[in-house]
Amino acid sequence: MTDTLTTGFDSATLLSRLGAHESPLGGFGPPPSGVAADAIRLLGGVPADEALPTRQLRAAYDATLSDPAISVAALQYSSAPGIEPLRSWIAGHEGTDPDRVLVTNGALHGLSLLFSAILDPGDTVLVESPTFPLALRLLGHYGAQVVSVSVTEQGLDLDALEDRLRAGLRPKLFYLIPDFQNPTGSTLPAADRARVVALAEQYGFLVVSDNPYRDLRFAGEGVADASLESEVVVRVNTFSKTLGPGLRLGWLAGPRRLIPALTRLRGNNDQHSSLLTQTAIARLLTTPGEFDGILTAAHEIYRERSRALTTELRASVGDVLEFSDPEGGIFLWATASDPELDLSAVQARARALGTDFSLGRYFDPDGAVHHTQNLRLGFSNNSPERLRTAAQRLAEAFHAH
Ligand SMILES: Cc1ncc(COP(=O)(O)O)c(C=O)c1O
């Protein structure tokens, strides 16, 4: 007999109803077939194991749990905005007021809250091309119509965008990854950030700055992010790339007109982020020098890894692959000089030789038709030695055709 209550809620129907895909971050699970189990996979956006501050976290959790009054309080319920010491630290980091900060379970959660609050199915949303595929999936989930704006070496193609806005395009928001972008590793020039905000103010859309790699600059000069002085700017950020993605802790900072509604939505969903984690992380962040020390150690690791990869790539595959040296973050974006080269075939050879990379077209908001000459190499979670070996295998894969 059919159980009418459950009809339509079997796994396959649910998956298709939700448009659910497997998590595409890559690099965590077992390798796909054709890739050796010990292959050096230059894939995911995960921090280096060595950069994760286990000692500092242990001290922060110990201090939280060993004081009976604090530990008991940290295991109780709390309120949606997040605890005051953490919001104050975040507000200082963002140059705004604590009442404009909402603590979240990471950047994707912040984006999800924001999209669910402001997007209606069919709304137009601007994104960079290429961009972070999980954000695209989230936008798809909320029914957004994505319009792409090209990222070039010089910045965003804002002339083309302005023409389209003049012609009547009315986006609800522009989703940007301004520093050490995923996947290109590029940083948006200050002039572009200012122009995007000016366009947003003129045409009435939000600028959503998702900036998880901002604190990971290991060379060159920083660029100020879009100012929270503007009523159209929302910053979404996370401790995932600095303290560890397993913490699931991040934040959203934005205009006063948005934060109360997002906080209420958050409270109605899952109430609040782990109070134990918030309390321990607030302690770590307010211990003088602790966070800066963690960042400095991470910068050294990523600088060394990035240089190991770029130096070996230039030496062994520089004749067929073009790229600029990353100044921060964890990604290198390279372009094959031969436009006819089939990068899928190169990837298959690379996999057989014991390495792997992400195809550029995977990051195309327009459906894997652009960026076919590009590849993304993640240099964060392999030692310099393994990165050099991976670059040599990559060279073999490129030169074998
Ligand atoms: C641009 C961007 N946003 C958000 C995230 C995910 O952040 P979180 O772990 O805080 O959800 C990533 C991780 O790869 C990312 O690259």
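Helices here (H or I, at least four residues) and strands (E, at least two) are DSSP runs, numbered from the N terminus. What you have in front of you is a predicted model, so to speak a computed one, where local features need pLDDT of at least 70, side-chain atom pairs count only at pLDDT 80 or more, and totals for chains, interfaces and linings use all residues. Residues are numbered from 1 along each chain as its sequence is written, and side-chain values use heavy atoms, with hydrogens and water left out.

Let's start with a helix pair. Helix α12 (residues 343-353) packs against helix α13 (residues 384-399) at an angle of about 135 degrees, and their axes are 8 Å apart. Axes are lines fitted to C-alpha atoms, for helices over the stretch in contact, and angles run from 0 to 180 degrees between N-to-C directions. The two helices α12 and α13 are therefore oblique to each other; angles under 35 degrees count as roughly parallel, over 145 as roughly antiparallel, 65 to 115 as roughly perpendicular and the rest as oblique. In passing α13, α12 makes a right-handed crossing, meaning that the near helix is turned clockwise from the far one by less than a right angle.

Now for another pair. Helix α5 (residues 107-118) and helix α6 (residues 133-141) have axes 10 Å apart and pack at about 25 degrees, which makes α5 roughly parallel to α6. The crossing of α5 past α6 is right-handed.

A107, where α5 begins its run of residues 107-118, also takes us to the ligand. There are 15 residues around the ligand, and A107, D210, Y213, T238 and S240 come nearest (near means a heavy atom within 4 Å). A polar backbone atom of A107 sits 2.7 Å from a ligand oxygen, while T238 brings a polar side-chain atom to 2.6 Å from an oxygen of the ligand and N182 does so at 2.8 Å. Polar contacts like these are pairs of N or O atoms within 3.5 Å. On its own the ligand exposes 400 Å², and the protein buries 96% of that (Shrake-Rupley method, 1.4 Å probe). The shell is made up of eight nonpolar, four polar and three charged residues, with Asp, Glu, Lys and Arg counted as charged, Ala, Val, Leu, Ile, Met, Phe, Trp, Tyr, Cys and Pro as nonpolar, and the others as polar.N182 also leads into a cis peptide bond to P183, with omega near 20 degrees. P183 lies in the loop between β6 (173-176) and α8 (190-203), and so does F180, a non-glycine with a positive phi of about 50 degrees.

Key: A polar contact is a pair of N or O atoms within 3.5 Å; within protein, one must be able to donate a hydrogen and the other to accept it, and residues adjacent in sequence count only if both atoms are side-chain atoms.
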